[in-house]
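Reader: Hello! Could you walk me through the charged pairs here, and show how each label is earned?
Author: Gladly; let us look together.

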Amino acid sequence: FFFKQKTAYEIPKRDWSSDVCSSDLIKGLFIMTMIAGLHQSAHAEIKYKSTFVGKTDFQSIEWNGGKATVGTLKGVLEIYGSNDAKVPNGQSIQNCVLKSVRVNDTTDIQANCTVTDKDGDAMFSISERKQGDINAGNGGKGKTRYTGGTGKYKGISGGCEYQTRYLPDNWLSVESECVRNY
C-alpha cells in the first residue's frame with residue numbers, strides 16, 4: 001500500500017473541540033491537581049505556637065555611651081497547636097545565653113538557645129531582635145532561626161516570629177508563631 005502525504009492546505013479544516021472529549025479534560029485536570037498536591041506535600045510547612053516563661057540573670061556594664069548586657073535565660077517552653085511528631089506538643093526546658101547592646105536608641109539582641117524535651121532530644125536556635133530593650137515593662141518583636149538538633153530534631157529548619165515581654169523580678173515571657181520546613 002502506498003499513501004500520499006497531504007499538505008496542510010489539503011487537510012480539511014474542522015472543529016477540533018469535537019475531537020476532545022470532556023472526560024479527557026476532566027482526567028487531565030484531575031492529574032494536574034494530583035501532581036500539584038504531591039508537590040505541595042513534598043514541601044510541607046508545619047505551623048505551631050509556643051510560649052516561654054523564664055528567669056534571667058543579666059549583668060550589665062556601661063559601654064560606648066550605652067549599655068552592654070550578657071546573661072542566661074532559663075525556663076519552660078510549651079509547644080502547642082502542632083500536628084508534627086518531629087515537633088510534638090508539650091513542655092521542654094529552654095536554656096539560652098543572651099547578649100544585648102543598646103547604644104543611641106539602637107538595639108542589638110542575640111540569644112543562642114537549646115530546648116531539651118523529656119526524651120533528651122534537643123533543638124538549637126538563634127533568636128535576634130533589633131527593637132525594644134530588656135528592661136521590665138518593655139520587650140519587642142524578633143525572629144528565631146533553627147540551626148539544628150539531636151534525635152527527632154535532627155535536620156530541623158525553619159523558625160519563629162516572637163514577641164518578648166520583660167516582667168518584674170527578672171522574669172520574661174515570649175509568645176511565638178513558628179514554621180518548620182521539610
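Author: Buried means under 20% relative accessible area, exposed over 50%, and partly exposed in between, with a 1.4 Å probe and protein chains only. This is a predicted model, where local features need pLDDT of at least 70 and side-chain atom pairs count only at pLDDT 80 or more, while totals for chains, interfaces and linings use all residues. Residues are numbered from 1 along each chain as its sequence is written, and side-chain values use heavy atoms, leaving out hydrogens and water.

Reader: Why is Asp-121 called buried?
Author: Asp-121 has a relative accessible area of 16%, and the limit is under 20%, so Asp-121 counts as buried.

Reader: What makes Lys-152 and Asp-121 a salt bridge?
Author: The term asks for a side-chain nitrogen of Lys or Arg within 4 Å of a carboxyl oxygen of Asp or Glu. The closest N and O atoms of Lys-152 and Asp-121 are 2.8 Å apart, so the pair qualifies. Both belong to a network of salt bridges that also includes Asp-117, Lys-118 and Asp-119.

Reader: Why is Lys-152 called partly exposed?
Author: Its relative accessible area is 21%, which falls between the two cut-offs, so Lys-152 is partly exposed.

Reader: How do you know that Arg-102 and Asp-105 form a salt bridge?
Author: Their closest N and O atoms are 3.7 Å apart, which is within 4 Å, so the name applies. Arg-102 is partly exposed at 26% relative accessibility, whereas Asp-105 is exposed at 69%.

Reader: How many salt bridges does the structure hold?
Author: The structure holds seven.
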